[in-house]
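Visitor: I'm new here and would like a tour. Could you show me the structure and then take my questions one by one?

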Amino acid sequence: MLAAKSDFIGLEGVAHLASGGQPPLLRAHQGAFDAFARDKARGMAGYDAHWQIGQEVKERLASLTKLEAGDFALIGNASEGIARVVSAIDWQPGDNVVTSALDYASGRYSFARLSELDVEARLVPAEEWRIEPAGLIAACDGRTRLVYVSQVNAHTGQRLDLAALSAPLQDKGIALLVDASHGLGVVPLEGALCDFMVASTYKFLLGPHSGVLAWNRRRWPHFEPLAVGWHAAEAGEERGDYRLLPDARRAEIGNANHLDVYLLKTSLDFLAQVPAADVERHVLDLGGRLRQALVEMGLEVITPEPAAERGPNIAFAHDAARDLAELAAAESILLWGEAGRLRASLHLFVEVADVARYLAWLPKGLAQVEGAR
């Protein structure tokens, strides 16, 4: 354990293995609420402070991803970021977009919507729960405009080899959009490998319900989202005319959710106190032990074994996954069960005893759901 459970709200007596869906808030977030309220009462000076906190958040995000602060937009959620990227592409009839059939719904649904523009959404089947970069590349052709992948798959916990995708797609002039929601804050992300990156901040970044979008301006210089607001542009020479801002602020239509930004800064400051390599080592070690124990129980583990192919999520397939999660919650063991799999998520506040508690309970839980059939 790299952070005390007492740093968080609501972890007393709880084995919290659900950060992939909903992590606890920090006790320090209460101070962030107060700071926001004080600044909001200060008029123009307080409003300026809101934007300064946002800039500091972008600087923190840049340090996590090796991008620049100007590459980041603070938005409502990761799904909004996906929509911003999709809207910025000049789709033509006959174009296509490629993703895995196992990838997150927001991407798959956005691309299915493009059928109205006669754009094909190519869903590449997984091979025994695995997403292969070579399979995604093979699905591309001269009319492919975008490939969407998750750094860490929300369903299986597989960590994708982004380097294996990045160069071949760049050579073909295909944009790579990476959803880092299930990795950012726990496993490293090389932002230079992406053209665009989105992430939910309420998962492994330990923040509020908001999102971020990164635009790698050096790798993909053209980005003009369809939606434009006062904060995304500056006035042109004619009234009603405008020029998009030169950085990722062009994806920020108006005010950020400033309270969320204060909360996110507190989260990022907290994460910065622990070396990122230590966090990754901690979750991969615990995850390796957990995965091996699940295999020894004879369960259909869908998370890869090699540490380089794993993030913080360890999952096994089960058709009563939600029932299992509800039974575990009654024992103060928090998991995530949906879509035919039970997922445990590890973070810096999870300790060996939490994993042991889950493993000790699991045979009982499996017996209960089997007995209810």
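Guide: Happy to. A word on terms before we start: Ala, Val, Leu, Ile, Met, Phe, Trp, Tyr, Cys and Pro count as nonpolar, Asp, Glu, Lys and Arg as charged, and the others, Gly among them, as polar. Also keep in mind that this is a predicted model.

Visitor: Let's use those classes, then. How do the residues lining the largest cavity divide into nonpolar, polar and charged?

Guide: The structure holds one cavity of 30 Å³ or more, and about 50 Å³ of space lies in the largest cavity. Its lining is made of Ser100, Val124, Pro125, Ala126, Glu127, Arg130, Ile131, Glu132, Gly135 and Leu136. Sort those by class and you get five nonpolar, two polar and three charged.

Visitor: Now the pockets. Which element gives the most to the lining of the largest pocket?

Guide: That pocket has a volume of about 410 Å³, and of its 20 lining residues the closest to the centre are Ser63, Leu64, Gly185, Pro275 and Ala276. At least two lining residues each come from α2 (44-65), α7 (258-272) and α8 (276-296). The biggest giver, with four residues, is α8.

Visitor: And what is the make-up of that lining by class?

Guide: Using the classes from the start, the lining of the largest pocket comes out as 14 nonpolar, two polar and four charged residues.

Visitor: What about the second largest pocket: which elements give two or more residues to its lining?

Guide: This one holds about 290 Å³ of space. Of its 19 lining residues, Tyr104, Ala154, His155, Glu338 and Arg341 are the closest to the centre. By class, the lining has seven nonpolar, six polar and six charged residues. The elements you asked for are α4 (105-113), β14 (336-338) and β15 (341-345).

Visitor: α4 has come up, so let's stay there. What covers its buried residues?

Guide: In α4, the buried residues are Ala105, Ser106, Gly107, Ser110 and Phe111. The elements covering them include α3, β3 (96-100), β4 (120-124) and β5 (144-150).

Visitor: On to charges. How far apart in sequence are Asp354 and Lys5, which meet in a salt bridge?

Guide: Side chains of opposite charge can pair when their charged atoms come close. Here Asp354 and Lys5 do so at 2.6 Å, N to O, and both are buried. Asp354 sits in helix α10 (residues 352-371) and Lys5 in the segment before β1 (15-16), so the sequence distance between them is 349 residues.

Visitor: Glu80 and Arg84 also pair up. Is Arg84 buried or exposed?

Guide: Their salt bridge spans 2.8 Å, N to O, and the two lie four residues apart in helix α3 (residues 78-87), about one turn of the helix. Glu80 is partly exposed, at 23% relative accessible area. The cut-off for buried is under 20%. Arg84 has 12% relative accessibility, so Arg84 counts as buried.

Visitor: How many residues apart in sequence are the parts that Lys364 and Glu331 tie together?

Guide: The side chains of Lys364 and Glu331 meet in a salt bridge of 3.4 Å, N to O. Lys364 lies in helix α10 and Glu331 in the loop between α9 (321-330) and β13 (333-334), so the parts tied together are 33 residues apart.

Visitor: Which residues are linked in a network of salt bridges?

Guide: The structure holds 29 salt bridges. The residues linked in a network are Glu56, Arg60, Lys265 and Asp269.

Visitor: Now for the inside. Which residues is Tyr358 in contact with, leaving aside its neighbours within four places in sequence?

Guide: In soluble globular proteins, nonpolar side chains tend to be buried together. The largest nonpolar core here has 87 residues, and Tyr358 is among those with the most contacts inside it, along with Val149, Leu294, Phe316, Leu335 and Leu348. Tyr358 is in contact with Leu17, Leu290, Leu294, Phe316, Ile333, Leu335, Leu342 and Ala344.

Visitor: One last stop, Val212. Which residues does Val212 touch, not counting those up to four places away in sequence?

Guide: Val212 is in strand β8 (residues 211-215), and its relative accessible area of 0% makes it buried. The residues touching Val212 are Leu61, Ala73, Leu74, Ile75, Met197, Val198, Ala199, Thr201 and Leu264.

Note on methods: Residues numbered from 1 in each chain as written. Predicted model: local features only at pLDDT ≥ 70, side-chain atom pairs only at ≥ 80, totals over all residues. Heavy atoms only, no water. 1 Å grid on protein atoms, 1.4 Å probe; cavity = no way out; pocket = protein on both sides within 12 Å on 5 of 7 lines; lining within 4 Å. Points joined across faces, edges and corners; volume = space filled by probe spheres on them. Buried < 20%, exposed > 50% of the residue type's maximum accessible area, 1.4 Å probe, protein only. Core = buried A, V, L, I, M, F, W, Y, C linked by side-chain atoms within 4.5 Å. Contact = heavy atoms within 4.5 Å.
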